[in-house]
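Colleague: I would like to learn how to read a model of this kind, feature by feature. Could we look at it together, beginning with the fold as a whole and moving on to single residues?

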Amino acid sequence: DKKGTGLGLSIVKEIINDRIRLNISGAESYLVICDVDNFKSINDEHGHMFGDAVLCFFAEELKRIFPDEVIGRIGGDEFLLLVENHTREEMDDKLQELNKSLNARYKDNRGKIQISSSIGVAAFDKDVKDYQLLFKWADYSLYQVKNMGKANYYISNVYSYSGLPDSSYLSN
C-alpha cells in the first residue's frame, strides 16, 4: 500500500531483522533507504507509465549494483536494502554508481528531465542488533540528504549505545 505497511515491507523487515540478529562477522554492514527524488513531479509531468518505468529501472540498478543483498520496496518510491560485509570505500563506490546511473539514464538535452535518488545509510557492526534503531538512523540520514539538496547519500555510524536521532524524513 501507499504507506509501505503492506506485505512487502513486513517480509523485508523480517528477513533483514533476522540477518542483523545473526550477524557475527566483524565487517561493517549497512541499512540503506533509497528514495527517488521528486517522484510525484515525475508522475505529474510525464505520466504514471513513465514513473513506473523509472521505478523499474531503479530496482534493476539496485539489483545490478547490489546483487547479493536483501532489497525490498517499502513505499511508492522508497527501497530498503541490507548491505553486508562491505568496506566503507566499496559502499561509497556503489552508492556513487547508483546515483550516476539514474541521472545518466534519464538525462535529456533540454534539461527537462533530471532524475536522481537520495540515499540514507546507517552503518553498523556486529554489536548492533536493533532493526528499529538502524531504520531510524537510515531515515535520519535520508533526511540529511534531502535537506542538503538531494541527489546524494549520507552515512551515519550507529553503535549499540546510539540513541535515537532527532529528525526523520519518512515519518514527516
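Modeller: Let us begin with contacts along the chain, keeping in mind that this is a predicted model. Among the contacts in the protein chain with a separation of 6 or more, 75% are accounted for by residues 24 or more positions apart. Buried residues make up 48% of the 172 residues in the chain.

Colleague: How many helices and strands does the protein chain have, and in what order do the elements run?

Modeller: There are 5 helices and 5 strands, and from the N terminus on they run α-β-α-α-β-β-α-β-α-β.

Colleague: What is the order of the strands in the sheet, and which strands stand at the edges?

Modeller: The order in the sheet need not be read from the numbering, and here the open sheet of 5 strands has the order β2-β3-β1-β4-β5, with mixed pairing. The edges are taken by β2 (70-73) and β5 (153-157), and because each has a single partner strand, one side of each is left without a neighbour in the sheet. On average, neighbouring strands of this sheet are turned by 15° against each other, direction ignored.

Colleague: In which sense do β4 and β5 pair, and which helix packs on the sheet?

Modeller: Strand β4, residues 117-124, pairs with β5 in the parallel sense over 5 bridges, and within this pair Val121 stands opposite Ile155 in β5. Helix α4 (residues 88-105) packs on the sheet, where it touches β1 (29-36), β3 (78-83), β4 and β5, and the direction of α4 makes about 155° with that of β5.

Colleague: Is Val128 buried or exposed, and which residues is it in contact with?

Modeller: Val128 is found in the loop between β4 and α5 (131-147). Burial is judged by relative accessible area, with under 20% counting as buried; Val128 has a value of 1%, and therefore it is buried. Leaving aside neighbours within four places in sequence, Val128 is in contact with Ile20, Leu133, Leu134, Val158, Tyr159 and Ser160. Of these, Val158 illustrates how sequence and space are read side by side, since Val128 and Val158 are 30 residues apart in sequence and 7.7 Å apart in space, C-alpha to C-alpha.

Colleague: What is the nearest side chain of opposite charge to Asp77, and how far away is it?

Modeller: A salt bridge requires a side-chain nitrogen of Lys or Arg within 4 Å of a carboxyl oxygen of Asp or Glu. Asp77, in the loop between β2 and β3, is buried yet has no salt bridge, and the nearest side chain of opposite charge, Lys146, is 6.0 Å away. Not counting residues up to four places away in sequence, Asp77 touches Cys34, Asp35, Val36, Phe39 and Leu55.

Colleague: Where does Ser167 lie, and with which side chain does its own side chain make a polar contact?

Modeller: Ser167 lies in the segment after β5, and its side chain makes a polar contact of 3.4 Å with the side chain of Asp166. Ser167 also touches Tyr140 and Tyr143, when residues up to four places away in sequence are not counted.

Colleague: What is the phi of Asn38, and what is that of Asn85?

Modeller: Most residues other than glycine have a negative phi. Asn38 nevertheless has a positive phi of about 55°; it is placed in the loop between β1 and α2 (39-46) and is partly exposed, with a relative accessible area of 40%. Asn85, found in the loop between β3 and α4, has a positive phi near 55° and is partly exposed, with a relative accessible area of 44%.

Conventions. Residues are numbered from 1 along each chain as its sequence is written. This is a predicted model: local features need pLDDT of at least 70, side-chain atom pairs count only at pLDDT 80 or more; totals for chains, interfaces and linings use all residues. Side-chain values use heavy atoms; hydrogens and water are left out. Two strands pair if DSSP finds at least two bridges between them. Helices (H or I, at least four residues) and strands (E, at least two) are DSSP runs, numbered from the N terminus. Axes are lines fitted to C-alpha atoms, for helices over the stretch in contact, and angles run from 0 to 180 degrees between N-to-C directions. Contact means heavy atoms within 4.5 Å. A polar contact is a pair of N or O atoms within 3.5 Å; within protein, one must be able to donate a hydrogen and the other to accept it, and residues adjacent in sequence count only if both atoms are side-chain atoms. Buried means under 20% relative accessible area, exposed over 50%, partly exposed in between (1.4 Å probe, protein chains only). Lys and Arg count as positive and Asp and Glu as negative; His and the chain ends are not counted.
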